[in-house]
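Dear colleague,

I am passing on the structure below, together with some notes on what was found in it. Please read them alongside the model.

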Amino acid sequence: MITDVLKKRRTIYALSKNIDLKQEEVEAIVKDTVELVPDAFNMRSQRVVLATGAKQDELWDKIYDAFEGTGAREKFDGFKAAYGTDLYYIDEYVVKGLQDAFPLYAANFPVWAQQSNGMLQFTLWNRFTEAGLGANIQHYNPVIDDAVRTLFDLPENWTLVAQMPFGKIEAEAGEKQGEDVNERVIIAK
């Protein structure tokens, strides 16, 4: 049940490459999720780069280098230790095309693209959870944009939104803090 997956999904930092899934299964999870997550006007602005293997290691070395020694090597090596990283992008040409086609809604398309990208991140995170993998979300952009664009030879019109290292869970997350959800939800009848 989806609620069980939502409750189980946590931010996991202790990750390794030793997953039980095959590369093809990971690729299928990513591709299926990208295809199934909705977005306004069916714009399909989301883009994902799935970095695994040698590219996973090279990615996190490049990210560390982009910070020119101002970040802790151990932190970046922790992300590098994961099986892979999903890099989430928005294709700005798609957004611009819809802005031009529907000028009445032009200001909304960038917002809707961000919303769709967020849904994609969250859905894929839950799919990884369901598959027994751990993940966390990082936001090192825009510092890393040029290095990552060059590494994967990506077009200039792709805007990096987030990075999601994922892999085998080597240590569980700590106890989750409770809250009074009534402070964030209003029921109107």
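Among contacts in the protein between residues at least 6 apart in sequence, where contact means heavy atoms within 4.5 Å, 82% join residues at least 24 apart. Please bear in mind that this is a predicted model, in which local features need pLDDT of at least 70 and side-chain atom pairs count only at pLDDT 80 or more, while totals for chains, interfaces and linings use all residues. Residues are numbered from 1 along each chain as its sequence is written, and side-chain values use heavy atoms, with hydrogens and water left out.

The protein has seven helices and five strands, taken as DSSP runs (H or I, at least four residues, for helices; E, at least two, for strands) and numbered from the N terminus. Along the sequence they follow the pattern α-β-α-β-α-α-β-α-α-β-α-β.

Of the 189 residues, 39% count as buried, that is, under 20% relative accessible area with a 1.4 Å probe and protein chains only. The C-alpha atoms fill a box of roughly 50 × 45 × 35 Å, taken along the principal axes.

As for the largest pocket (an open set of points on a 1 Å grid where a 1.4 Å probe fits, with protein on both sides within 12 Å along at least five of seven lines; lining residues have an atom within 4 Å of a point), 13 residues line it, and Lys8, Arg10, Ile12, Ile169 and Glu172 lie nearest its centre. Helix H6 (108–130) and strand S4 (133–135) are the elements that give two or more residues to this lining, and S4 supplies the largest share, three residues.

Best regards

Methods
Buried means under 20% relative accessible area, exposed over 50%, partly exposed in between (1.4 Å probe, protein chains only).
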